[in-house]
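Colleague: Could you take me through the spot where the ligand sits? I'd like one close look at that part and nothing else.

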Amino acid sequence: MKWKWFPHIEKRVMSDTTSRVPQGAARRDLAPATRPELTADVAVIGAGILGTAIAAAAAARGLRTVVVDRLGGAGLGSTSASAGIIRVHAEDYASSVMAHESLFAWRAWRDHARVPARDPAAVFVECGTLVLDAASDFSLRIAQVMDEAQVGYRVVGASEMRERWPDLELGRFGGPFTADDPAFWDDPRGEIDSAVYTPSSGYVADPMLAAQNLAGLARCHGATFVWGQPVVSIARRGDHVEGLRLGDGRRIAAETVVNAAGPASGQVNALAGVGSDFAIRTTPVREELHHVPLPDSMALARTGIHLVDSDLGTNFRTDGKALLIGSNGAACDPPQILSDPDEFAVDPSRALWEQSVLRVAKRLPGLPVPRQRQGVAGVYDVSDDWIPIYDRTDLGGFYVAIGTSGHEFKTAPVTGDLLVGMILHGLDGHDQDTDPYQYVAPNTGRVIDTATFSRRRSPHTATGGRG
Ligand SMILES: Cc1cc2nc3c(=O)[nH]c(=O)nc-3n(C[C@H](O)[C@H](O)[C@H](O)COP(=O)(O)OP(=O)(O)OC[C@H]3O[C@@H](n4cnc5c(N)ncnc54)[C@H](O)[C@@H]3O)c2cc1C
């Protein structure tokens, strides 16, 4: 069944490079009588965790796959800044199902990505996630979603928290507040007496390595990578994509092109001339992660945990040596919207670093507050409703895997499969807009209606919570 359309693709791509030489104005970028240097069934723009996952899935199905990245290797874009948290809780069904399904890949990563024994492979640490305050709206929503998605969790009480994570101060601070708000310094009133605990959540300490592993897998299946070259234009033939042109003038003929350009997704859509029918937009947003050393004397150095703390507006995970702290995007912490995704300060700001560390120090009173600022900033590609856009566009053969909104590292192994399934569904003659692809998760059997990720959807309303 899956090969049904393949001879048809072969035929069309062959004709790209031979008989279908330029036809005047309809053919914008491929110069007359110039053969493309590369020919692909699928060309992927971007070799982050998504681009490499898509390439691996496409090449595994026998599609001639070419990946182009303007940087010198896989995972060097926003993926390299990721905290690598793999959490199974979410405010929407599809995200929770995909995160749960992705655990099958993360737990067996070396095998999944076929990393040779001599090479380094990313490692998934299953430390569990604790979402404080099981009575909050957020916790109730994620519990409802996990019930629907049949993802395991349990509610733990204060006594269990004290016993298992004795460093945690369970006072309720009534925030979140910014550090310059006098209320920030108030004593806690009452106690957080329960939390939602998902034991199967965890983190991958080296997200860039995970992308490099997937690039290796894609190569095993025959994919080609072009490094250090930006895609500078996208050719169309009538209402169908025809190929790419790179900064050095090379051309790639491709029947299908996927925009997996991360925070630069809007620029790439502009090159393709798509976007006018998008109901959901994407925006680059700067985000800081802060590192704080964790003393050996603290129990967390041994127990580990990913903690989501909406009372303080923060979340952290630990590898036993340090905390990696991020923001929950509370109303008092406005997003840092960028006009250019490539222009941003990489170092953490003093104000945000101090606020982050002070917040966490309230939850972990034993944490020494260091003088030295450490951390990194990266860029989220944020969609209007914080749900990604995985979809076709009104340019035939041009797909997008964008708007990952700071949380799609975790699901990438599944997203690669889902997106390639969607492409094959289109090649089989289905219109994704009216007859959306139904993705069946191979391990859990759960079904995801990919209309959830449509560019034309009405924004999901109960999403946007982070951590
Ligand atoms: C600070 C931070 C923390 C995060 N924490 C988590 C987390 O804990 N858990 C989680 O699941 N997710 C997290 N995320 C989100 C996650 O990292 C992203 O969703 C994911 O890495 C996006 O991958 P990507 O492949 O789409 O983008 P990228 O990794 O940015 O890759 C896009 C690639 O496209 C290339 N490119 C762009 N334009 C062009 C062009 N014109 N021509 C050629 N190449 C081009 C870029 O060079 C880049 O390599 C975090 C993100 C950040 C920034």
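Modeller: Sure, let's start with a side chain: a polar atom of Thr-79 lies 2.5 Å from an oxygen atom of the ligand. I call that a polar contact, meaning a pair of N or O atoms within 3.5 Å. The backbone joins in too: an N or O atom of Arg-70 is 3.1 Å from a ligand nitrogen, and a polar backbone atom of Ala-83 is 3.0 Å from a nitrogen atom of the ligand. The protein covers 96% of the 1000 Å² of accessible area that the ligand has on its own (Shrake-Rupley method, 1.4 Å probe).

Before going on, bear in mind that this is a predicted model, where local features need pLDDT of at least 70, side-chain atom pairs count only at pLDDT 80 or more, and totals for chains, interfaces and linings use all residues. Numbering runs from 1 along each chain as its sequence is written, and side-chain values use heavy atoms, with hydrogens and water left out.

Now the shell: 39 residues are around the ligand, and Asp-69, Ser-78, Thr-79, Ile-85 and Lys-410 come nearest (near is a heavy atom within 4 Å). By class, the shell has 20 nonpolar, 14 polar and 5 charged residues, with Gly counted as polar and Asp, Glu, Lys and Arg as charged. Helix H2 (49-60) and strands S2 (65-69), S13 (282-293) and S18 (375-383) each give two or more residues to the shell; these are DSSP runs, helices (H or I) of at least four residues and strands (E) of at least two. Domain 1 (9-80 + 207-280 + 386-453) and domain 2 (126-201 + 282-383) both contribute shell residues, so the ligand lies between them; the bounds come from an automatic or database domain assignment.

Terms used. Polar contact = N/O pair within 3.5 Å; in protein donor to acceptor, adjacent residues only side chain to side chain.
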